Structures are given as C-alpha cells and as structure tokens.
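Hi,

Here is the structure I promised to pass on to you. Please have a look, and then read on for what turned up in it.

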Amino acid sequence: MKCPFCGDPNTQVADTRENEGGEVVRRRRRCPKCDKRFTTYERIDLKMPHIVKRNGNRSEFEHDKLAGSMKLALRKRPVTLEALDAAVDRIEAKLLALGEQEVPSEKVGELVMRELKKLDKVAYIRFASVYRNFADVDEFAEVIREVKARPKRSRPAEPPEPTSENDLFRS
Ligand SMILES: [Zn+2]
C-alpha cells in the first residue's frame, strides 16, 4: 500500500491485529522512505454483485425481484414456499461465491432456470418461454423435449435479447 505522506509504494506491515471478533484486521504500516506510520483496516466485502444488463445498464441486485419472478413462474404449482426460498438462497450464494462486483443478468437467468428445472418442470418451461423469448413453436418444442429427455445435460441457451418481459432486473 502506498504511503499517504510521501507516496512511496513500498510500505511495510509492522503489526497485524484482528479485532471485532476477527471480522476486521488492523495493520500498522511503516514507510521505509519517510518513516511515518499509518493504520489500515481490512474487512470482508461480502456484498451481492451488481447486475449488468446486455445494454450495459447496471442495477442493484434485488432479492424481492428475483424471488418474485420465480414465484410467478411457480404460480399454482405444487412447490412450497420453503423450497422456493431455498432455491433463491442457493442462487444468491452462487452469485456471492463468484466474488465479482458485477455479474451479467444472463448469468442470473441461467441460475434461475437451473433451479426451476429441479423444482418444477412446468415452472421451468414457463420461465424459459418468457426469459428466452422464444421466436417460434419449434424453439418451444425443443425445450419441452429437453425437459422430457432427462438426465441429459444441456448446454445453456444463447442469452436472449432483453425485452421488458424477460428482463429480470428492469427498474
Ligand atoms: Zn512515506
């Protein structure tokens, strides 16, 4: 870390201490050039990434929007709220584990489709038909075939052009 006094890039750590139950690390640093001392604090940065849409717009990750669009796909399907919540938790954990500050919205869509496929095939097809913005009946039939022909693993589809309907994070 650069010295705040003289700008020398080669400061040295003189002392390292954990406080606040190990959630913050405090470091005393010394600049070998001007011999001044300063302190830095290091904490875990565990925040949901921003969502980047295909048009380049960024937005905050919103739990309610994610859960809401999955709930819509699961409407009147025999899936419990607990199972839905668990699926949302898994998606959020996966997004956090990426350790990125920004994640493309297609990535979120992919994760949602994967979870819905496990939860309920009808909900999966509902979501996929809106999200992928099927151009024709053949594409729709293809997804139905894919759902029936388990456990074959399919490659994720090309991400769709965003429309107001399939945009998970429209504001
Ligand atoms: Zn210095």
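In what order do the three strands of the open sheet with antiparallel pairing lie? The order is β1-β2-β3. Before I go on, please keep in mind that this is a predicted model.

At the edges of this antiparallel sheet are β1, residues 12–19, and β3, residues 37–43, and each of them pairs on one side only. On average, neighbouring strands here are turned by 20° against each other, with direction ignored. If you would like to look at one pairing in detail, try β1 with β2, which covers residues 24–30: the two run antiparallel and are joined over seven bridges. Within that pairing, Arg-17 has Arg-26 of β2 as its bridge partner.

There is another open sheet of three strands to look at, with the order β5-β4-β6 and mixed pairing. Its edge strands are β5, at residues 58–59, and β6, at residues 102–104, each pairing on one side only. Strand β4 spans residues 50–52 and pairs with β5 in the antiparallel sense, over two bridges. For a place to start in the viewer, take Val-52, whose bridge partner in β5 is Arg-58.

A helix belongs in this part of the picture as well. Helix α3, made up of residues 105–119, lies across β4 and β6. Relative to β6, helix α3 runs at about 65°.

That is what I have for now. Happy viewing!

Best wishes

Notes. Residues numbered from 1 in each chain as written. Predicted model: local features only at pLDDT ≥ 70, side-chain atom pairs only at ≥ 80, totals over all residues. Pairing = 2+ DSSP bridges. Helix = DSSP H or I, 4+ residues; strand = E, 2+ residues; numbered from the N terminus. Axes fitted to C-alpha atoms, helices over the stretch in contact; angles between N-to-C directions. Contact = placed C-beta atoms within 7 Å.
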